[in-house]
Protein chains: 2
Amino acid sequence: MTSAENLVKGGHERSSCPIASTLDILGDKWSLILVRDLLTGKQRYNQFCSSPEGVPTNLLAARLRKLEAQGIILKEPYQTRPVRYAYTLTPAGRALLPVLQEMSRWANSYIEGTWTPPEAFMSMKAKV
Amino acid sequence: MTSAENLVKGGHERSSCPIASTLDILGDKWSLILVRDLLTGKQRYNQFCSSPEGVPTNLLAARLRKLEAQGIILKEPYQTRPVRYAYTLTPAGRALLPVLQEMSRWANSYIEGTWTPPEAFMSMKAKV
DNA sequence: TTCGTCACTTGAATATCACAAGTTACTCTG
DNA sequence: CAGAGTAACTTGTGATATTCAAGTGACGAA
């Protein structure tokens with residue numbers, strides 16, 4: 001059972017369709033890229049910046065803010081002096097793993113030239 | 001094995017990551033809504049228009065064109081006088097079913113108020 | 001004191017979006 | 001045959017979002 005504090009905060013959904021609602025929250029070019037990076041161990045602003053897709057830094061900041069507000073990621077300082085932040089996935093964020101795995105499977109089958117993710121990623125189980 | 005004619009035509013991908021490549025093709029607010037409608041039996045322009053999300057007609061036309069160009073959907077006249085068109089999914093399009101199923105599962109667990117899709121949809125197998 | 005790094009902001013140009021209205025081709029009704 | 005209706009779009013306009021480049025502030029190291 002999913003308790004209330006694990007729920008994502010949607011804004012103004014277009015409909016109650018689960019697919020449409022998911023897209024309202026994650027349906028853009030960058031959000032799921034960030035979730036991918038977080039699932040594969042990246043935690044810091046600079047690490048996201050240096051992913052091969054090259055997210056513009058203002059969009060990165062905006063997306064991180066939005067995903068945090070929605071309860072998909074968590075921002076915490078992991079040191080003071082100077083203060084540095086680590087971003088991590090909430091249970092809701094980690095639960096997106098199967099979506100990304102299916103996307104990978106699809107791309108590997110239907111888009112030429114996509115690399116196959118590490119076996120570790122494809123066989124990973126979301127521990128929520 | 002997937003033969004060449006079943007492959008999707010990506011434009012200029014940001015990277016060879018299968019997730020990023022998928023998002024380059026489908027990472028917007030409307031494309032997967034259309035795939036959902038097609039998977040659930042809708043075939044015509046007006047039917048897409050009347051989905052509860054209310055896609056603007058200019059975007060609908062643009063997305064249909066794009067998805068057709070990418071090889072995810074097929075546009076065929078199903079009658080002449082007057083000519084009327086039916087849109088259907090290609091094998092690549094049908095293969096997106098598991099992605100949508102996982103999105104539904106995620107939304108049902110983590111977004112409050114989403115309706116659960118018909119059992120028929122959730123247990124459907126993509127016959128590619 | 002100057003340099004570099006991290007984590008962002010700001011600004012300007014461009015692209016995309018939503019909303020409303022119009023168009024074309026045809027059929028159907030009276 | 002005039003007028004209304006429907007399907008499948010297209011066009012125009014203003015708002016919003018995205019990209020690209022550059023700048024900022026806090027700190028730490030040399």
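## Exercises on a two-chain model with DNA

Put chain A and chain B together and about 4,400 Å² gets buried, with carbon and sulfur atoms giving 72% of that; buried area here is the accessible area (1.4 Å probe) that two parts lose on being put together, summed over both. Keep in mind that this is a predicted model, where local features need pLDDT of at least 70 and side-chain atom pairs count only at pLDDT 80 or more, while totals for chains, interfaces and linings use all residues. Residues are numbered from 1 along each chain as written, chains are lettered from A and ligands numbered from 1 in written order, and side-chain values use heavy atoms, with hydrogens and water left out.

### Exercise 1: the protein interface

Work out which residues and elements of chain A make up its side of the contact with chain B.

Step 1. Start with the head count: chain A puts in 51 residues and chain B 50, contact meaning heavy atoms within 4.5 Å.

Step 2. Now the top contributors by area. Ile19(A), Trp106(A) and Tyr110(A) supply 18% of what chain A buries against chain B, more than any other three residues.

Step 3. Check the polar side. There are twelve residue pairs in polar contact across the interface, both partners at pLDDT 80 or more. A polar contact is a pair of N or O atoms within 3.5 Å; within protein, one must be able to donate a hydrogen and the other to accept it, and residues adjacent in sequence count only if both atoms are side-chain atoms. Salt bridges (a side-chain nitrogen of Lys or Arg within 4 Å of a carboxyl oxygen of Asp or Glu) come to zero between the two chains.

Step 4. Assign elements, which are DSSP runs numbered from the N terminus: helices are H or I, at least four residues, and strands are E, at least two. On chain A, helix H1 (18-26), helix H2 (31-39), H5 and helix H6 (97-110) each supply at least two residues. H6(A) gives the most, with eleven residues.

### Exercise 2: DNA strand C

Find the residues that come nearest to DNA strand C, then the polar atoms that reach it.

Step 1. Of the 19 residues around strand C, Asn46(A), Thr57(A), Tyr87(A), Asn58(B) and Leu59(B) come nearest; a residue is near a strand if one of its heavy atoms lies within 4 Å of it.

Step 2. Sugar and phosphate make up 71% of the atoms of strand C within 4 Å of the protein.

Step 3. Look at atom pairs. The side chain of Tyr87(A) has an N or O atom 2.7 Å from a phosphate oxygen of strand C, and for Arg63(B) the phosphate distance is 2.9 Å. Asn58(A) goes for a base instead: a polar side-chain atom sits 3.3 Å from a base oxygen.

### Exercise 3: DNA strand D

Which residues reach phosphate oxygens of DNA strand D, and at what distance?

Step 1. Arg63(A) has a polar side-chain atom 3.0 Å from a phosphate oxygen of strand D.

Step 2. Arg65(B) does it at 3.2 Å. Arg84(B), in turn, is 3.1 Å from a sugar or linking oxygen.

### Exercise 4: one threonine

Is Thr90(A) buried or exposed?

Step 1. Place Thr90(A): the loop between strand S2 (84-89) and helix H5 (91-94) of chain A.

Step 2. Its relative accessibility is 11%, so Thr90(A) counts as buried, the cut-off being under 20% (exposed is over 50%, partly exposed in between; 1.4 Å probe, protein chains only).

Step 3. Leaving aside neighbours within four places in sequence, Thr90(A) contacts Gly71(A), Ile72(A), Ile73(A) and Leu74(A). The Thr90(A) side chain reaches the backbone oxygen of Gly71(A) at 2.7 Å.
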